[in-house]
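Trainee: I would like to learn how to read an annotated residue, its surroundings and a bound ligand from a set of coordinates. Could you take me through one case, giving the general idea before the particulars?

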Amino acid sequence: MRQPGRHFLQIPGPSAVPDRILQAIAMPVVDHRGPGFADLGHRVLSGIKTIFKTVQPVVIYPASGTGAWEAALVNTLSPGDKLLMVETGHFAYLWQQLALKLGLEPQLISTDWRGGADPALIEEALRQDSSHSIKAVCVVHNETSTGSTSQIAKVREAIDAAGHPALLLVDTISGLGSADFRFDEWGVDVAISGSQKGLMLPPGLSFNAVSEKALAANAKATLPNAYWQWRDMIEANQRGYFPYTPATNLLFGLAEAIDMLHEEGLDNVFARHKRHAAATRAAVESWGLEVQCTVDEEFSPVLTAVRVPDGTDADALRSVILEHCNTSLGNGLSKVQGKVFRIGHLGDFNDVMLLGTLAAIEMGLHLAQVPHQGGGTQAALDYLKSTS
Ligand SMILES: *Cc1c(COP(=O)(O)O)cnc(C)c1O
């Protein structure tokens with residue numbers, strides 16, 4: 001049946017792509033080896049550094065975020081290397097599975113999936129590794145399955161406090177462009193990101209920002225890598241080109257996205273996301289439901305994962321909301337499947353879109369007969385009014 005009106009794509013990535021970016025992408029394909037291409041190449045390669053807040057090289061792959069996860073590992077590590085990985089949720093778990101498939105040896109710090117990485121546990125694990133067999137610490141900046149962030153600056157402090165030489169690898173696939181991220185200042189060695197979340201682009205691009213220390217590790221790493229190899233990429237990038245065909249039209253979109261983020265101002269973008277997250281939590285609290293993240297300093301500005309009462313099925317609720325309100329919400333992944341639904345409030349998003357989304361959820365809670373109190377949307381509106 002035809003669904004009138006616009007679809008609300010409120011999953012925590014891909015996020016809705018603004019018209020300005022769609023129009024930037026809708027261009028004739030150009031010759032990626034032609035003389036004019038380097039202008040675009042230089043523009044996106046230097047522009048993306050300002051989003052990562054780095055002066056270091058940022059590699060751009062025509063791939064989903066998972067490819068850039070793999071790239072970060074195969075460029076810096078050797079077969080059998082030990083990693084310290086914090087399982088903050090489903091995405092951290094998937095990264096760990098990928099490391100296993102590559103022949104690496106992850107040592108896990110597990111969590112209850114209700115907050116970020118605990119720097120004290122990282123410090124303790126590194127202190128115990130007196131032989132320095134752990135080669136990298138892997139942390140997810142914004143855990144998209146639970147709506148929790150990890151405090152990356154504190155993770156860096158923990159590594160330094162332990163006096164441990166491990167690299168710090170950070171997945172900011174859903175954080176970049178929505179939550180503050182400071183590659184250089186926080187001492188990150190490899191940051192991994194993707195196009196389809198805070199950067200407001202369609203899926204298809206992913207990134208590795210690379211520190212000096214990661215480049216030095218790269219020179220010694222022996223895991224096989226070809227497509228993902230930084231060296232050839234960075235070498236060609238210096239001239240504004242790529243060693244193989246880049247996703248040309250997505251690069252047009254990326255240039256536009258970088259402009260849009262700076263026109264609004266990165267700090268304003270981050271404040272907007274935080275405010276929408278706070279308004280969302282006000283709604284959840286009024287409904288009498290529970291937010292998955294339990295640590296105040298680690299609430300995600302990107303998405304909110306909401307627990308449904310025992311005996312109710314979050315996926316049935318999402319189906320009702322899709323059918324009646326033309327609104328897509330994120331599902332609970334693996335351990336929390338059916339127990340949580342996820343509200344994406346990231347990317348090109350404003351107060352009215354948030355209120356529409358929350359109204360759809362409140363309708364759904366009623367129609368699906370999920371035990372709750374009304375008034376959540378009103379609570380969010382009150383919060384938005386009081387902070388306008
Ligand atoms: C989306 C996401 C991924 C996976 O990225 P793909 O583009 O689907 O490969 C990995 N980590 C996090 C934190 C994500 O949000």
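Mentor: Let us begin with position in the fold, bearing in mind that this is a predicted model: K197 sits in the loop that runs between β9 (190-194) and β10 (206-210). The unreviewed UniProt entry lists K197 under "modified residue: N6-(pyridoxal phosphate)lysine".

Trainee: Is K197 buried or exposed, and which residues outside its sequence neighbourhood does K197 touch?

Mentor: Burial is read from relative accessible area, where under 20% counts as buried. K197 has a relative accessible area of 9%, and is therefore classed as buried. Setting aside residues up to four places away in sequence, K197 touches P12, G13, S15, I173, S174, L346 and G347.

Trainee: How many residues surround the ligand, and which are the closest?

Mentor: A ligand site is read first as a shell of residues and then as individual atom pairs. Here 13 residues surround the ligand, the closest being S64, T66, T144, D171 and K197, and helix α3 (residues 65-74) gives the most to this shell, with three residues. As for atom pairs, a polar side-chain atom of T66 lies 2.6 Å from an oxygen atom of the ligand, while an N or O atom in the side chain of K197 is 2.7 Å from a ligand oxygen atom. From G65 it is a backbone N or O atom that lies 2.8 Å from an oxygen atom of the ligand. The protein covers 88% of the 380 Å² of accessible area that the ligand has on its own.

Trainee: What does UniProt place at residues 50-288, and where is R272?

Mentor: A domain annotation is best read together with the secondary structure it spans. The unreviewed entry in UniProt places "domain: Aminotransferase class V" at residues 50-288, a stretch that is 42% helix and 18% strand, with its end C-alpha atoms 41 Å apart. R272 is in helix α10 (residues 266-287) and, at 16% relative accessibility, counts as buried because the limit is under 20%. Apart from neighbours within four places in sequence, R272 is in contact with E264, G347 and F349.

Trainee: How many disulfides does a search of the whole structure find?

Mentor: A disulfide is a covalent bond between the sulfur atoms of two cysteines. The search of the whole structure finds zero disulfides. Among the cysteines, C138 is buried at 2% relative accessibility, and C325 is buried with a relative accessible area of 16%.

Notes
Residues are numbered from 1 along each chain as its sequence is written. This is a predicted model: local features need pLDDT of at least 70, side-chain atom pairs count only at pLDDT 80 or more; totals for chains, interfaces and linings use all residues. Side-chain values use heavy atoms; hydrogens and water are left out. UniProt positions are given in the numbering used here, feature names are shortened, and annotations may be inferred rather than shown by experiment. Helices (H or I, at least four residues) and strands (E, at least two) are DSSP runs, numbered from the N terminus. Buried means under 20% relative accessible area, exposed over 50%, partly exposed in between (1.4 Å probe, protein chains only). Contact means heavy atoms within 4.5 Å. A disulfide is a pair of cysteine sulfur atoms within 2.5 Å. A residue is near a molecule or strand if one of its heavy atoms lies within 4 Å of it. A polar contact is a pair of N or O atoms within 3.5 Å; within protein, one must be able to donate a hydrogen and the other to accept it, and residues adjacent in sequence count only if both atoms are side-chain atoms. Accessible areas come from the Shrake-Rupley method with a 1.4 Å probe; for residues, only the protein chains shown count as cover.
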